[in-house]
Amino acid sequence: MTDIVKISKALSDPIRYKIIEMLVLMEKDNCCIPSIERGCCSGLCNCDIMAHLGLIQSKVSYHMKELADAGLVYEEQRGKWKYYNLNTKAIKDYITAIEQQFIKQ
């Protein structure tokens, strides 16, 4: 079951919202985020988020943990870096749950 409150709380932070936008852009453009010079990879790396948003590693890790705990991203450890992908099913389920609760009563 979709935890509407937990996902809403995760998305309410401007930094986390921006990270989700980056992940959507990456998927939409086949991993191409203009400010990232490392080229295409499967997933967005902590280092990419740090560079794009000008954040330190601990801040990025905190925000990504919140997004992962809400089920909005998948994380994969590769060497010393974590890579993240959008959980599109969770986003779709969240939208459906919001519609059912607030629109289709």
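Here is a quick tour of how the helices, strands and core of this chain fit together. Keep in mind that this is a predicted model. The sheet is open and has three strands, in the order E1-E3-E2. The largest nonpolar core counts 23 residues, and helix H2 is its top contributor, with five residues.

**The sheet**

- Pairing in this three-stranded sheet is antiparallel. E1 and E2 sit at the edges, each with a pairing partner on one side only.
- Strand E2 (residues 73–78) runs antiparallel to E3, and six bridges hold the pair together. Across from Val73 you'll find Leu86 of E3.
- E2 and E3 make a hairpin with two residues between them. Gly79 is in that turn, and its phi is positive, about 65°.
- On the other side, E1 and E3 pair over two bridges, again in the antiparallel sense. Leu44 has Tyr84 in E3 as its bridge partner.

**The core**

- In general, nonpolar side chains of soluble globular proteins tend to be buried together.
- Within the largest nonpolar core here, the residues with the most contacts are Ile20, Leu23, Ile49, Met64, Leu67, Leu72 and Val73.
- Helix H1 (4–12), H2, H3, H4, E3 and helix H5 (88–103) are the elements that supply two or more residues to this core.

**Helix H3 and what covers it**

- H3 spans residues 46–53, and its buried residues are Asn46, Cys47, Asp48, Ile49 and Met50.
- What lies over those buried residues? The cover includes helix H2 (14–28), strand E1 (44–45), helix H4 (57–69) and strand E3 (81–86).
- Ile49 is worth a look: setting aside neighbours within four places in sequence, its contacts are Ile19, Met22, Leu44, Gly54, Val60, Met64 and Tyr84.
- Right after H3 comes Gly54, with a positive phi near 70°.

**How the helices cross**

- H1 and H2 pack with their axes 5 Å apart, at an angle of about 95°. The two helices are therefore roughly perpendicular to each other.
- On the H1 side, Lys9, Ala10, Leu11 and Ser12 make this contact; on the H2 side, Pro14, Arg16, Tyr17 and Ile20 do. Sorted by class, the H1–H2 contact has five nonpolar residues, one polar and two charged.
- The axes of H2 and H4 come within 10 Å of each other and cross at roughly 75°. So H2 is roughly perpendicular to H4.
- Here Ile15, Arg16, Ile19 and Ile20 of H2 meet Tyr62, His63, Met64, Glu66 and Leu67 of H4. By class, that contact splits into six nonpolar, one polar and two charged residues.
- Ile20 and Arg16 appear in the H2 contact with H1, and also in the H2 contact with H4.

**A loop asparagine**

- Asn87 is located in the loop between E3 and H5. Is this residue buried or exposed? Asn87 counts as buried because its relative accessible area is 12%, and the cut-off for buried is under 20%.
- Apart from neighbours within four places in sequence, Asn87 touches Gly71, Leu72, Val73 and Tyr74. Two of these residues, Leu72 and Val73, are among those with the most contacts inside the largest nonpolar core.

Note on methods. Residues are numbered from 1 along each chain as its sequence is written. This is a predicted model: local features need pLDDT of at least 70, side-chain atom pairs count only at pLDDT 80 or more; totals for chains, interfaces and linings use all residues. Side-chain values use heavy atoms; hydrogens and water are left out. Buried means under 20% relative accessible area, exposed over 50%, partly exposed in between (1.4 Å probe, protein chains only). Helices (H or I, at least four residues) and strands (E, at least two) are DSSP runs, numbered from the N terminus. Contact means heavy atoms within 4.5 Å. A nonpolar core is a set of buried Ala, Val, Leu, Ile, Met, Phe, Trp, Tyr and Cys residues joined through side-chain atoms within 4.5 Å. Two strands pair if DSSP finds at least two bridges between them. Axes are lines fitted to C-alpha atoms, for helices over the stretch in contact, and angles run from 0 to 180 degrees between N-to-C directions. Angles under 35 degrees count as roughly parallel, over 145 as roughly antiparallel, 65 to 115 as roughly perpendicular and the rest as oblique. Ala, Val, Leu, Ile, Met, Phe, Trp, Tyr, Cys and Pro count as nonpolar, Asp, Glu, Lys and Arg as charged, and the others, Gly among them, as polar.
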